[in-house]
2 protein chains.
Amino acid sequence: MTPSRLIRPLVRELHAYVPGEQPKIKGLVKLNTNENPYPPSPKVLAAVKGACDQRLRLYPNPTADALRAKLARLHGCAVENLIVGNGSDELLALATRAFVEPAEARCAQCGPPRAGQPCVWDAKTTARFVEQGLSARTVQYFNPSYSLYPVLADITGAVRNAVPLAAGFTLPGLADLRRGGQWDFRAALSFITTPNAPSGRGYCTAELEALCRAQKGVVVLDEAYVDFARENALALALSHPHVLVARTFSKAYSLCFQRVGYFIGHPALIGALHKIRDSYNVNGLGQVAAVATLDDLPYYRRNFRKVIATRERLGGELTALGFEVFPSQTNFVMAKPPRFPAQAWLEKWRARKILVRWWPHPEVKDFVRISIGTDAEIDALVRAAKRILAGR
Amino acid sequence: MTPSRLIRPLVRELHAYVPGEQPKIKGLVKLNTNENPYPPSPKVLAAVKGACDQRLRLYPNPTADALRAKLARLHGCAVENLIVGNGSDELLALATRAFVEPAEARCAQCGPPRAGQPCVWDAKTTARFVEQGLSARTVQYFNPSYSLYPVLADITGAVRNAVPLAAGFTLPGLADLRRGGQWDFRAALSFITTPNAPSGRGYCTAELEALCRAQKGVVVLDEAYVDFARENALALALSHPHVLVARTFSKAYSLCFQRVGYFIGHPALIGALHKIRDSYNVNGLGQVAAVATLDDLPYYRRNFRKVIATRERLGGELTALGFEVFPSQTNFVMAKPPRFPAQAWLEKWRARKILVRWWPHPEVKDFVRISIGTDAEIDALVRAAKRILAGR
């Protein structure tokens with residue numbers, strides 16, 4: 001038997017995930033992956049160093065109790081409302097596994113499952129096995145948003161339903177969603193990136209709440225960038241039993257390296273995620289770092305203000321150069337560049353050792369996404385843009 | 001809608017995992033979870049401390065490249081033969097998701113799926129969707145062995161097939177397995193803990209190879225404790241395309257806290273696991289620690305010898321006290337105590353601030369499992385045993 005025949009057909013047909021570029025070039029200005037330009041607080045670094053002792057031989061706390069206790073105080077909720085993950089990515093994956101029925105990889109009669117086109121087999125098993133009133137196999141999200149959602153749907157074997165955002169990457173209103181007919185108010189799981197990535201567009205809590213109220217299945221409000229925004233929707237996770245809010249220490253709290261994220265929501269949904277996670281899913285030094293972070297929030301809030309000030313300045317300077325800049329409530333901006341196509345800008349900046357992000361997908365191909373770096377890094381980007389426009 | 005109705009029936013019916021006891025009592029001698037009594041090497045602690053800087057703000061290497069390169073040199077294989085996980089637990093879970101077809105939670109006609117009793121629906125879908133020649137829904141393992149396997153099977157919705165070990169926790173021979181009729185040579189996935197936990201019994205590579213050769217599906221040889229054994233079966237993963245070997249830095253390398261484990265095997269199987277793992281599954285400081293560990297192997301080999309010497313001494317002393325001690329090739333011993341039932345010994349030692357492990361399951365309820373601690377800890381355990389036997 002050839003080894004590939006030992007692999008589930010669904011997994012065999014997945015495309016391998018290609019991780020974002022981590023260039024090794026010295027002196028590169030890296031503005032492509034929305035990492036925070038500022039390091040963790042000195043107190044956090046000291047706490048992690050102080051924990052590098054014989055305790056590494058012991059298992060970490062399996063439920064991140066100290067961290068959940070601090071988060072509960074911060075957010076005014078119970079520890080039962082909280083689950084900590086190996087980055088919020090782990091929790092997004094767990095949500096697809098806890099709330100969405102897996103489809104078989106392929107129905108011999110109908111081919112792979114697609115939204116709105118149930119196959120004979122799917123209709124039968126759905127009727128027999130699945131909760132009434134939900135599209136139990138559907139993972140739904142807006143397009144564009146976090147590119148992980150379709151990957152997670154495919155890994156689970158779920159049906160993907162990607163619905164376009166409205167003009168300027170705004171959230172479509174309920175009436176428009178109903179009229180459009182593509183949005184599924186019964187989807188088992190809907191992911192909403194808020195503020196949106198890759199556009200940076202912020203959504204107000206009132207419009208998110210209206211959408212949540214209309215939704216029958218689980219809604220995950222993915223607030224990875226919310227510390228750079230004007231509003232957050234955390235209250236919705238504590239007032240609506242079908243709403244979960246995702247947060248991460250990666251971006252705002254400069255802790256990508258240690259993989260710590262969390263979900264807030266109803267204990268029944270949170271408990272379901274606990275049941276299917278790995279027993280010791282969050283590494284010990286990550287827990288130590290996250291706890292120390294919550295003890296030094298003023299340091300991070302100063303950084304948020306610096307990032308926001310740099311973001312607003314960058315927006316002004318790019319606009320002056322002829323870029324069409326979308327208003328951002330995140331630590332990045334999306335902009336439509338003048339003169340050359342967006343992909344050409346990517347290459348021209350790269351030739352000057354500045355790395356930004358660009359995607360070939362039709363809805364975003366005219367834009368570049370620029371992570372907010374330090375003021376010096378952003379100055380370098382703007383100087384390079386001026387030279388590019390001047391043909392130098 | 002009540003929130004529990006939003007959860008997949010399969011997940012709703014799972015029992016919540018209860019993590020092992022992590023007691024907070026001061027001065028307790030903790031010999032219950034097989035942690036290494038010796039700390040990581042001073043060079044490893046220095047390397048991790050040295051990495052506690054601004055890099056924490058950046059994403060870790062998504063494929064643990066530096067670690068895989070070192071492991072490839074150590075084991076004489078290619079990096080494509082290796083995947084690193086958030087502990088080997090993550091990889092065991094990924095294996096169930098990559099190689100075993102999920103069953104539906106419950107067939108309305110037949111109840112939950114059971115080994116050897118396919119329901120009408122199962123037979124139909126199996127015929128339509130599943131590779132010929134494999135029991136595509138079956139996760140198989142010996143009993144007793146690592147208690148995570150049935151949990152993983154249940155989370156996936158797979159069919160469990162637990163087959164008893166032979167007398168003294170030895171591996172049944174092929175002829176016995178064939179005669180018994182319960183072992184499934186076509187199981188999609190078989191887990192073999194080698195050396196066995198909780199008994200400590202070691203298996204020789206020749207008998208493991210005979211079993212692997214007879215097996216049609218994927219075999220995971222879970223070598224969590226192999227550094228304390230006389231033989232390892234790593235060569236089987238590099239010579240048989242359907243065999244994977246699991247290793248971990250937790251036990252032998254004193255790194256439970258940082259969650260680093262790995263699988264070795266054919267690139268096709270390893271590649272399937274890469275496709276479905278989280279993008280940044282291994283935390284950065286864990287990668288740093290594991291790389292530094294491989295640079296200081298003589299330190300760890302000295303510890304293995306110390307643990308083995310303490311284990312042999314403990315075996316002799318317990319035998320002299322009337323315990324029936326199983327030969328161990330791990331960092332723990334399993335023993336049948338004299339005079340009182342095993343559970344009573346657990347309680348009597350615990351009253352003397354010494355924690356060992358005991359399980360109520362019929363195949364192990366007559367035994368206690370004792371992790372090998374420092375010499376001083378083991379002396380305390382033996383002294384306490386003498387007092388217990390003397391009625392003091």
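Here is a friendly note on the two interfaces in this predicted model, one between the chains and one between the domains of chain A.

1. **Ground rules.** In this predicted model, local features need pLDDT of at least 70 and side-chain atom pairs count only at pLDDT 80 or more, while totals for chains, interfaces and linings use all residues. Residues are numbered from 1 along each chain as its sequence is written, chains are lettered from A in the order in which they are written, and side-chain values use heavy atoms, with hydrogens and water left out.

2. **Extent of the chain interface.** Chain B brings 89 residues into contact with 89 residues of chain A (contact means heavy atoms within 4.5 Å). About 8,400 Å² is buried between the two chains, and carbon and sulfur atoms give 59% of that area. Buried area here is the accessible area (1.4 Å probe) that two parts lose on being put together, summed over both.

3. **Polar features between the chains.** There are two salt bridges between chain B and chain A (a side-chain nitrogen of Lys or Arg within 4 Å of a carboxyl oxygen of Asp or Glu). R8(A) and E101(B) meet in a salt bridge, at 3.6 Å from N to O. The count of residue pairs in polar contact, both at pLDDT 80 or more, is 36. A polar contact is a pair of N or O atoms within 3.5 Å; within protein, one must be able to donate a hydrogen and the other to accept it, and residues adjacent in sequence count only if both atoms are side-chain atoms.

4. **Who supplies the surface?** On the side of chain B that touches chain A, α4(B) gives the most, with six residues (helices are DSSP runs of H or I, at least four residues, numbered from the N terminus).

5. **Symmetry.** Chain B superposes on chain A by a rotation of 180 degrees with 0.0 Å of shift along its axis, at RMSD 0.0 Å; the fit is by least squares on C-alpha atoms of residues with pLDDT of at least 70 in both copies. The two copies are thus related as by a two-fold rotation axis. In chain B, the C-alpha of K49(B) is nearest the axis, 2.5 Å from it.

6. **Domains of chain A.** Domain 1 covers 3–39 + 298–389 and domain 2 covers 42–294, with bounds from an automatic or database domain assignment. Their C-alpha centres lie 24 Å apart. The contact takes 29 residues from domain 1 and 33 residues from domain 2.

7. **Between the domains.** Domain 1 and domain 2 of chain A bury about 2,600 Å² between them, 64% of it on carbon and sulfur atoms. The count of salt bridges between these domains is zero.

Technical notes
Helix = DSSP H or I, 4+ residues; strand = E, 2+ residues; numbered from the N terminus.
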